Amino acid sequence: MQQRLDRVRVVTFVVLITNASAALFLPAVGLWREPDPARQAVGALGIVLFSAAQVAVLYTLVTPWIGARTRRWARMALAGAAVASLPLVGPAGGGWPTWSWLAACIVGLVAVLTRPVIAAGLSAVTVALALLVTPGTLGDTLIITAGFGAGLAAINVLHVWLWDVLLQAEQGRAAQARLITAEERLRFARDVHDLLGHNLSIIALKAELAERLAAVDSARAGREAAEVRRLAAATLVELREAVYGYRQAGLREQLAAIERVLDSSGVRCTVTVPDGDLPAQTVLAAVVREATTNVLRHSRARWCTLTIENTAGEVRLTITNDGVPAGAAPDAHSDGLRGLADRLAESDGVLRTRAGDGEFTVEAVVPSSS
C-alpha cells in the first residue's frame, strides 16, 4: 500500500507543477515582447524566484513528513516572491499583461494554503493590484486574474483534497492495525493474569503453610511442599498451552485477516473454504502467509482467490492472483517457496507453482491425516 501511496503522491505533485507551469509560460511571453533588456533580466529574475517558491510550497503540500517550521518558511518565501514580483515583473511586457498571469498563479495557490475566508480576501487584493499595474483593458485583466486564477484554484483544491483524503485513509488503516495489536496484547496479558494470578496465589499460601509446618509437622509440611510442586508444574503446562494457542491462530482466522489486508491494499480477495474442520492447519497457514506476502510484494494484483478443497483423502489449497508481468516465471531459487516445499514434504505434501496469461498460482496438496 505504501508504494501505491508514494505513486499517488508523485502524480499529485506532477499535476500541481504542470498546472502551475502552464500559467508561468504566459509571463515569459511578456518578457519576450519586452524591448528593454534590463527589464527583461529583472522580470526573468522575478519569475524564477516566484517559480522556485511555488515549487517548494507545492512540494510541502504533498509531503506529510515535512515539519511545520519548513512549511512556514516555504510559505514565507512564496509571500516574499509574490510581493517582489510586482516591481520586478510588473513593468515588463511591452503592453502584454505579464503580471496578470503571475497574479492568476497567486490566486490559484492561496486557495490551498489558507482558510477560504482569508483566501478570498487575498485573491481580491491580488485582482485589485493586477487591475492597477497591468496594461490593457480592465476586462482582459479581470478575466486572466480572476477567471483563470479561479480555474487554477479549483484544480489545485481538488487534487490536494484527494491527496489528503487518501493520506487520512491510510493513516486510519495504520491506526486501526495498531489498535488491533494493542487490543490483542491486552487480551493476552489479561488471559495470562487470570491464569497465573489464581494458581500463584494458592502456591504462595501453600508454600507459607509448608514453611510454618516444617518445625512442628514435617510429614504434613512435606505433603504441602509436594502440592506446591504439583501446582507449579500444572501452572507451567497451562501457561505453555495458553502461549501456544496465542501463537497458533486458526487457519480460518488467518484467512479472514489476510482477506482484510488484501482488500485494504486494493486487491479484491475471494476466499472459498469448506465447512467443518480443516486438517493440516499449521502447514497450510504457512503457505497462505507466504503466498499472500508475495502477492503484495511481487505483483500488481487487482484480484486474488484462495480456495481450499478437502476431498479424496487430501487437502488442496489454491491461491491465484493477476498482475504478473508478461514472461514472468516462478523463481526456483526463492527461499520462501523452497522452504514451503520442504515443509510440505515433511507432511508428505507437495507444492506446485505456475505462471501464465498474467496470472500466478500456488497450489499446496497435503494428506488429510496431516
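1. Buried here means under 20% relative accessible area. By that cut-off, strand E5 is mostly covered. The strand spans residues 359-367, and seven of its nine residues are buried. Keep in mind that this is a predicted model.

2. E5 has strand E3 as one partner. E3 covers residues 314-321 and pairs with E5 in the antiparallel sense. Eight bridges make up that pairing. For a register check, take Ile-319: this residue stands opposite Val-362 in E5.

3. Strand E4 also pairs with E5. E4 covers residues 350-356. Seven bridges join E4 to E5, and the two run antiparallel. Here the register can be read from Leu-351, which stands opposite Ala-364 in E5.

4. Next, the turn between E4 and E5. The two strands form a hairpin with two residues between them. Asp-357 lies in this loop. Its phi is positive, at about 55°, although Asp-357 is not a glycine. How accessible is Asp-357, buried or exposed? Asp-357 has a relative accessible area of 83%. The cut-off for exposed is over 50%, so Asp-357 counts as exposed.

5. A second aspartate deserves a look on the Ramachandran plot. Asp-348 has a phi near 60°, again a positive value in a residue other than glycine. Asp-348 sits in the loop between helix H10 (335-346) and E4. Its relative accessible area is 65%. That value is over 50%, so Asp-348 is exposed as well.

6. Taken together, E4 has a loop residue with positive phi on either side. Asp-348 is in the loop between H10 and E4, with phi near 60°. Asp-357 is in the loop between E4 and E5, with phi of about 55°. Both backbone values can be checked directly in the coordinates.

7. Now to helix H1, which runs over residues 2-33 and includes Leu-24. Why is Leu-24 classed as buried? Its relative accessibility is 12%. The cut-off is under 20%, so Leu-24 counts as buried.

8. Which residues does Leu-24 touch, leaving aside its neighbours within four places in sequence? Leu-24 is in contact with Phe-50, Ser-51 and Gln-54. Leu-102 and Cys-105 are also in contact with Leu-24.

9. One spacing completes the picture around Leu-24. Leu-24 and Ile-47 are 23 residues apart in sequence. In space, their C-alpha atoms are 7.8 Å apart.

Note on methods
Residues are numbered from 1 along each chain as its sequence is written. This is a predicted model: local features need pLDDT of at least 70, side-chain atom pairs count only at pLDDT 80 or more; totals for chains, interfaces and linings use all residues. Side-chain values use heavy atoms; hydrogens and water are left out. Helices (H or I, at least four residues) and strands (E, at least two) are DSSP runs, numbered from the N terminus. Buried means under 20% relative accessible area, exposed over 50%, partly exposed in between (1.4 Å probe, protein chains only). Contact means heavy atoms within 4.5 Å. Two strands pair if DSSP finds at least two bridges between them.
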